[in-house]
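Biologist: Could you take me through one part of this model up close, and then show me what lies around it?

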Amino acid sequence: MKKLISTANLYRDLGYILMGNFVADTLLKLCPVRRDMTVIELGSGSGKLGIAYALGGATVQLVDIDENALKCSSMLADAVKALTSINPYDPGPNVILTHADLFKEFYLITSKGFDLCFNEGVPQHWPRGDERRQGCIDRMAGLTKSGGMVIVIGANGENIMEQARDGEKFTYEGMPEKRDSFVPGELLDALEKAGLKDIRLYNLHHQNPHLVEIKLNAPFQEISRSQALYLIGTGVKP
Ligand SMILES: C[S@@+](CC[C@H](N)C(=O)[O-])C[C@H]1O[C@@H](n2cnc3c(N)ncnc32)[C@H](O)[C@@H]1O
C-alpha cells in the first residue's frame with residue numbers, strides 16, 4: 001500500500017510546526033517553561049502547543065474529547081521523541097494523553113493543581129450566551145494551583161477577518177455551527193468571573209507576530225486591533 005506520509009515529510013512538517021509555531025513561542029513568553037512544572041491543556045487538538053512545554057521539560061497533560069486529535073498528539077509526541085532523544089532509553093517528552101470531556105471528571109496527573117492551564121481556540125466554539133463559554137474558563141481556573149497561571153488564546157472577535165470567517169465550513173465533530181470569538185471586554189469579564197487576579201489582555205498580530213498588551217479604554221492602539229488575529233487573556237489563581 002502506498003504510504004500517505006513519508007517519514008521525511010512528517011519530520012520536516014513537525015519541524016515546521018514546532019519551530020515556526022509563533023503561538024507556542026508566545027505562550028512560552030507569557031509563562032516560561034520550567035523542568036519541574038505541570039501543565040494541562042484543555043482541548044488540545046494536535047497537541048503541538050502542550051508538546052512545546054514538554055520539550056522544555058514540563059510534565060504535560062493533554063485533554064481532548066476527540067480521539068483523532070489525541071492520536072495526532074500521540075504521533076507528534078513520538079516523532080518529537082525520535083527527533084530529540086540521544087539514546088533509546090530516553091523517556092522523551094513527558095506527555096500524558098487524556099480522552100475526556102473537559103467539563104466532566106477525569107484522571108489528573110497531579111492533585112495539587114497545575115502551574116499552568118491553557119487552551120487555544122476552545123471557548124470561542126460555543127456561541128455567546130452558552131454557559132460552556134464561561135464554564136470552560138471556570139474549569140481552567142479550578143484546575144490551576146494558587147499562584148499558577150491560566151491562559152486563554154482565541155481568535156479576536158474584533159477582527160474583520162474573523163467575523164468574515166463566521167459560518168465558514170471549518171468544523172470537527174461536535175463543533176457548533178456558529179462561532180463567537182471573544183472580544184476584549186468580554187474575555188476580561190470571563191477571567192474576572194473565574195476568580196483570577198492580575199488579568200492581562202493581549203493582541204497577537206499574525207503577520208508580524210508580536211504581543212501588544214491591550215489597555216482597555218486606551219484611546220489609541222499602537223497596532224490596529226482589527227488586524228490582530230489572536231486575542232489572549234492571562235490571569236493568576238489567587
Ligand atoms: C481549535 S481546536 C484546538 C487546537 C489546538 N490548540 C492545536 O494547536 O492544534 C479545539 C479542540 O477542543 C476540543 N474540544 C471541544 N470541546 C471539548 C470538550 N468539551 N472537552 C474536551 N475537548 C474539547 C476539540 O476536539 C478540538 O480538538
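Modeller: Sure, here's a look at one helix, followed by the ligand shell and the core.

Keep in mind that this is a predicted model, where local features need pLDDT of at least 70, side-chain atom pairs count only at pLDDT 80 or more, and totals for chains, interfaces and linings use all residues. Residues are numbered from 1 along each chain as its sequence is written.

Start with helix α2, residues 22-30 (helices are DSSP runs of H or I, at least four residues; strands are runs of E, at least two; both are numbered from the N terminus). Its buried residues are A24, T26 and L27 (buried means 20 or more other C-beta atoms within 10 Å of the residue's own, with C-beta atoms placed from the backbone). Looking down the axis of α2, these residues fall within an arc of 160°, so they line one face of the helix; the arc is taken from the directions from the axis to the C-beta atoms.

What covers that buried set? Among the elements are α3 (48-55), β4 (114-120) and β5 (144-155), counting contacts as C-beta atoms within 7 Å.

Now α3 turns up again: along with β2 (59-64), α3 gives two or more residues to the shell around the ligand. That shell has 18 residues, with G43, G45, S46, D66 and G121 coming nearest (near means a C-beta atom within 6 Å).

As for the largest nonpolar core, it has 51 residues, and C117 is one of those touching the most other members (a core joins buried Ala, Val, Leu, Ile, Met, Phe, Trp, Tyr and Cys through C-beta atoms within 7 Å). Leaving out residues up to four places away in sequence, C117 touches I40, L42, M140, L143, T144 and V150.

Technical notes. Buried ≥ 20, exposed ≤ 12 C-beta atoms within 10 Å, placed from the backbone. Contact = placed C-beta atoms within 7 Å.
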